[in-house]
Amino acid sequence: MDDLFLKIVDGTIPSKKVLETDNVLAFHDIQPAAPVHVLIIPKKYIPSMNAVTEEDLPLIAEIHRVAVEVAQKLGVAESGYRLINNCGPDSGQAVGHLHYHLLGGAKLGALTGISDSHS
């Protein structure tokens with residue numbers, strides 16, 4: 001399988017890790033959209049939130065626990081941060097592997113925006 005994030009998990013592609021557990025990896029985004037921009041991924045391949053099964057729910061809980069720990073570690077837990085999961089092409093999901101963006105470190109703008117292509 002040619003999965004960018006699985007290559008990061010196995011070390012084939014380097015990353016700047018923030019936190020790692022047996023099941024989850026958090027690393028800095030290479031194209032940050034905020035002063036703090038971390039990607040949080042399951043090490044298990046799941047293509048998107050739509051593919052999450054009942055069996056995966058403990059993993060989803062762990063991802064959220066890791067997000068809180070990352071926010072604390074990077075100093076944005078108190079000031080505030082955004083946790084985003086894009087699901088599908090219209091949302092902007094660019095990598096077909098479930099992932100969350102943790103954004104913070106500045107006052108963030110509007111949560112949504114509709115592009116001209118959605119008019």
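Helices here are DSSP runs of H or I with at least four residues, and strands are runs of E with at least two, numbered from the N terminus. By that rule the protein chain of this predicted model has 2 helices and 5 strands. Their order along the sequence is α-β-β-β-α-β-β.

**Overall form**

The radius of gyration of the protein chain is 14 Å, which agrees with the value near 14 Å for a compact globule of 119 residues. The C-alpha trace spans about 35 × 35 × 30 Å along its principal axes. Buried residues make up 36% of the 119 in the chain. Among contacts with a separation of 6 or more, 56% join residues that lie 24 or more positions apart.

The accessible surface of the protein chain is about 7,100 Å², and carbon and sulfur atoms hold 54% of that area. The chain carries 9 positive and 14 negative charges, and the mean positions of the two sets are 7 Å apart.

**Nonpolar cores**

The largest nonpolar core consists of 19 residues, and Ala26, Val38, Ile40, Ile63, Val66, Val70 and Leu102 have the most contacts inside it. Two or more residues come from each of strands S1, S2, S3 and S5 and from helix H2. Helix H2 is the largest contributor, giving 7 residues. A second core, separate from this one, has 7 residues, including Leu25, Leu39, Ile41 and Val95.

The residue ranges of the contributing elements are set out below.

| Element giving two or more residues to the largest core | Residues |
|---|---|
| Strand S1 | 17-20 |
| Strand S2 | 24-28 |
| Strand S3 | 36-42 |
| Helix H2 | 57-73 |
| Strand S5 | 100-104 |

**Two residues of the largest core**

Val70 is part of helix H2. Its relative accessibility is 0%, so Val70 counts as buried, the cut-off being under 20%. Apart from neighbours within four places in sequence, Val70 is in contact with Val18, Leu19, Ala26, Val38 and Leu102. Of these partners, Leu102 is 32 residues away from Val70 along the chain, and the C-alpha atoms of Val70 and Leu102 are 8.5 Å apart.

Ala26 also belongs to the group with the most contacts inside the largest core. With neighbours within four places in sequence again set aside, the contacts of Ala26 are Lys17, Val18, Leu19, Val38, Leu39, Ile40, Val66 and Val70. Val18, Leu19 and Val38 thus appear in the contact lists of both Val70 and Ala26.

Key. Residues are numbered from 1 along each chain as its sequence is written. This is a predicted model: local features need pLDDT of at least 70, side-chain atom pairs count only at pLDDT 80 or more; totals for chains, interfaces and linings use all residues. Side-chain values use heavy atoms; hydrogens and water are left out. The radius of gyration is taken over C-alpha atoms; the globule rule is 2.2 Å times the number of residues to the power 0.38. Buried means under 20% relative accessible area, exposed over 50%, partly exposed in between (1.4 Å probe, protein chains only). Contact means heavy atoms within 4.5 Å. Accessible areas come from the Shrake-Rupley method with a 1.4 Å probe; for residues, only the protein chains shown count as cover. Lys and Arg count as positive and Asp and Glu as negative; His and the chain ends are not counted. The place of a charge is taken as NZ of Lys, CZ of Arg, CG of Asp or CD of Glu. A nonpolar core is a set of buried Ala, Val, Leu, Ile, Met, Phe, Trp, Tyr and Cys residues joined through side-chain atoms within 4.5 Å.
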